[in-house]
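User: Here is a structure I want to understand. Please explain the terms as we go, and tell me how each label is earned.

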Amino acid sequence: MGLHFHRNPDGTTTGRNEANGFTVTHAEEEEVKRQLYEDAGWEYTPPPPPVPPGFHRFSLVHDEFRASGFGDERYAGLRARPPEGCVPADWGCFALECERPGKTLMDAVAGTVADVRRQHGLVMNSLGVEKPQEWFDADHKNGYAAKIVAHLVLMAADRARLLGYGRKDVVRLLDATGIE
């Protein structure tokens, strides 16, 4: 069974349950999601309230190829003293669910990653995004698309390190793209 969502040019959202063809269009994206979940027989959990201005909500994950769970001793200090605005979470691996300040989402993520690295010697390397190819709000600098970008950059930095590439190698590649 698949649920698919599409943002329409008029600002509405259309959702479709591929299993039975149920389709709904509404001005509120969450209402579309609620109705589709109900139709599919799934539990719907509404999103949390918005964060205050200047804050961003995101999750950081320490995703490794080696099996290491939430209780791994490397995370003891981070579980006991997470960065302000973050709560440790067991996602089958170690994760932090955060609401942190920053000019942009990328600033908030970068600041949190740096705090964790400095205080605990651990590099958080993922935002826990499962399907980074799915973009809903590419025109919004601090929304889901920004989480995708931060996720991919963290993942690329981690994979580059595992292959033996350093910061200069990654920066050289970014510079080669010509982005300003």
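## Charged pairs first

User: What makes Asp115 and Arg100 a salt bridge?

Analyst: The closest N and O atoms of Asp115 and Arg100 are 2.6 Å apart. A salt bridge needs a side-chain nitrogen of Lys or Arg within 4 Å of a carboxyl oxygen of Asp or Glu, so the pair qualifies. It links distant parts of the chain: Asp115 sits in helix H3, Arg100 in strand E6, 15 residues apart. Helices (H or I, at least four residues) and strands (E, at least two) are DSSP runs, numbered from the N terminus.

User: What kind of model is this, and how are residues numbered?

Analyst: This is a predicted model, with residues numbered from 1 along each chain as its sequence is written. Local features need pLDDT of at least 70 and side-chain atom pairs pLDDT 80 or more, while totals for chains, interfaces and linings use all residues; side-chain values use heavy atoms, leaving out hydrogens and water.

User: Why is Asp115 called buried or exposed?

Analyst: Buried means under 20% relative accessible area, exposed over 50%, and partly exposed in between (1.4 Å probe, protein chains only). Asp115 has 17% relative accessibility, so it counts as buried. Its partner Arg100 is buried too.

User: What other salt bridge does Asp115 form?

Analyst: Asp115 also pairs with Arg118, with the closest N and O atoms 2.7 Å apart. Both residues lie in helix H3, three residues apart, about one turn of the helix. Arg118 is at 57% relative accessibility, so it counts as exposed.

User: How do you know that Arg57 forms a salt bridge with Glu99?

Analyst: The closest N and O atoms of Arg57 and Glu99 are 2.8 Å apart, which meets the 4 Å limit. Arg57 belongs to strand E4 and Glu99 to strand E6, so the pair ties together parts that are 42 residues apart in sequence. Arg57, at 26% relative accessibility, is partly exposed. Glu99 is partly exposed as well, at 34%.

User: How many salt bridges does the structure hold?

Analyst: There are 10. Elsewhere, Glu31, Arg34 and Glu38 are linked in a network of them.

## The sheet

User: What makes E4, E6 and E5 one sheet?

Analyst: Two strands pair if DSSP finds at least two bridges between them. Five bridges join E5 to strand E6 (residues 94-101), so that pair passes. One example of facing residues is Asp90, which stands opposite Phe94 in E6. The three strands form an open sheet in the order E4-E6-E5, and the pairing is antiparallel.

User: Why are some of these called edge strands?

Analyst: Strand E4 (55-62) and strand E5 (86-90) each pair on one side only. The twist averages 20 degrees from one strand to the next. Helix H3 (residues 105-120) packs on the sheet, touching E4, E5 and E6, and its direction makes about 45 degrees with that of E4. Axes are lines fitted to C-alpha atoms, for helices over the stretch in contact, and angles run from 0 to 180 degrees between N-to-C directions.

## The cores

User: What makes a group of residues a nonpolar core?

Analyst: A nonpolar core is a set of buried Ala, Val, Leu, Ile, Met, Phe, Trp, Tyr and Cys residues joined through side-chain atoms within 4.5 Å. The largest one here has 21 residues; Phe58, Leu60 and Val109 are among those with the most contacts inside it. E4, E6, H3 and helix H4 (144-163) each supply at least two residues of this core. H3 gives the largest share, five residues. Apart from it lies another core, of five residues, among them Leu3, Val24, Leu36 and Ala40.

User: How do you know that Ala108 is buried?

Analyst: Ala108 has a relative accessible area of 1%, which is under the 20% limit, so it is buried. Ala108 is found in helix H3. Contact means heavy atoms within 4.5 Å. Ala108 touches residues including His56, Phe58 and Arg100.

## The whole chain

User: How many helices and strands does the chain have?

Analyst: Five helices and six strands. Of its 180 residues, 31% count as buried.

Terms used:
Lists of a residue's contacts leave out its neighbours within four places in sequence.
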